[in-house]
Amino acid sequence: MAIKLKSSAPHVGSATSQDEGLADWGAVPTMLDGVSRTSGVLLHKSADDGSESGIWICTPGYWECHVTRDELCHFLSGRCTYTHESGEVIEITPDTTAFFPEGWKGTCRVHETVRKAYMIR
């Protein structure tokens, strides 16, 4: 993966497949079953912590999910299921784009390692 972070427009080439330059971001702390591990590339984080964007990868597992800031995600690979606390189910497959508003609560079950591009604000 060609990563160019010191640029007028930080960017990643081949974001769908290569793992070069990924940082280990650790285990998901709210696990219900399994041990999902995360990694990724932080492309940009504003000085005031108001926004962040990058590539995020997560291995299979099942956990509680609480979205603390608006997040737009475009899933590049893998498969997972988000279930809102109301019971609504969102099936994620490659090329799915989803917006999770601040305050969204539910669970996430990763069936196959997922990779997504994201923007948090």
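**View A. The side chains of E52 and K45 meet in a salt bridge with an N to O distance of 3.8 Å.** A salt bridge here is a side-chain nitrogen of Lys or Arg within 4 Å of a carboxyl oxygen of Asp or Glu. The model is predicted: local features require pLDDT of at least 70, side-chain atom pairs count only at pLDDT 80 or more, and totals for chains, interfaces and linings use all residues. Residues are numbered from 1 along each chain as its sequence is written, and side-chain values use heavy atoms, with hydrogens and water left out. K45 also meets D49 in a salt bridge, likewise given as 3.8 Å from N to O. The network of salt bridges links K45, D49, E52 and R69. Within this network, E52 is buried at 15% relative accessible area, whereas K45 is partly exposed at 42%. The classes are buried under 20% relative accessible area, exposed over 50% and partly exposed in between, with a 1.4 Å probe and protein chains only. A search of the whole structure returns 7 salt bridges.

**View B. D49 combines a salt bridge to K45 with a positive phi of about 60°.** D49 is not a glycine, yet its phi is positive. The residue sits in the loop between β5 and β6. Strands are DSSP runs of E with at least two residues, numbered from the N terminus. With a relative accessible area of 47%, D49 is partly exposed.

**View C. R37 and D24 are joined by a salt bridge of 3.0 Å, N to O.** R37 belongs to strand β5 (residues 37-45) and D24 to strand β3, so this pair ties together parts that are 13 residues apart in sequence. The partners fall into separate accessibility classes: R37 is partly exposed, with 38% relative accessible area, and D24 is exposed, with 55%.

**View D. The largest pocket has a volume of about 700 Å³.** A pocket is an open set of points on a 1 Å grid over the protein atoms alone, where a 1.4 Å probe fits and protein lies on both sides within 12 Å along at least five of seven lines; lining residues have an atom within 4 Å of a point. The volume is the space filled by probe spheres set on the points, which are joined across faces, edges and corners. Of the 25 residues that line this pocket, W56, W63, C65, H66 and E71 lie nearest its centre. At least two lining residues come from each of β3 (23-27), β6 (52-58), β7 (61-66), β8 (71-84) and β11 (105-120). The greatest contribution is that of β11, with 5 residues. By residue type, the lining of this pocket comprises 13 nonpolar, 6 polar and 6 charged residues. Nonpolar covers Ala, Val, Leu, Ile, Met, Phe, Trp, Tyr, Cys and Pro; charged covers Asp, Glu, Lys and Arg; the others, Gly among them, are polar.

**View E. L72, F99 and M119 make a nonpolar surface patch of about 290 Å².** Such a patch joins nonpolar side chains (Val, Leu, Ile, Met, Phe, Trp, Tyr) within 5 Å, from residues with over 30% relative accessible area and no salt bridge. Accessible areas come from the Shrake-Rupley method with a 1.4 Å probe, and for residues only the protein chains shown count as cover. M119, one of the three patch residues, is part of strand β11. Its relative accessible area is 40%, and M119 is therefore partly exposed.

**View F. V67 occupies the loop between β7 and β8.** This residue counts as buried, at 7% relative accessibility. V67 and I120 are 53 residues apart along the chain, with their C-alpha atoms separated by 9.9 Å.

**View G. D95 adopts a positive phi of about 80° although it is not a glycine.** D95 is located in the loop between β9 and β10 (97-100). At a relative accessible area of 60%, D95 is exposed.

**View H. G21 and S86 are two exposed loop residues, G21 at 54% relative accessible area and S86 at 57%.** G21 lies in the loop between β2 (11-12) and β3. Its C-alpha atom is separated by 29 Å from that of L32, at 11 residues along the chain. S86 lies in the loop between β8 and β9 (89-92). From S86 to E52 the C-alpha to C-alpha distance is 28 Å, and the two are 34 residues apart in sequence.

Methods. Helix = DSSP H or I, 4+ residues; strand = E, 2+ residues; numbered from the N terminus. Patch = residues over 30% accessible without salt bridge, like charges linked within 9 Å, V, L, I, M, F, W, Y side chains within 5 Å.
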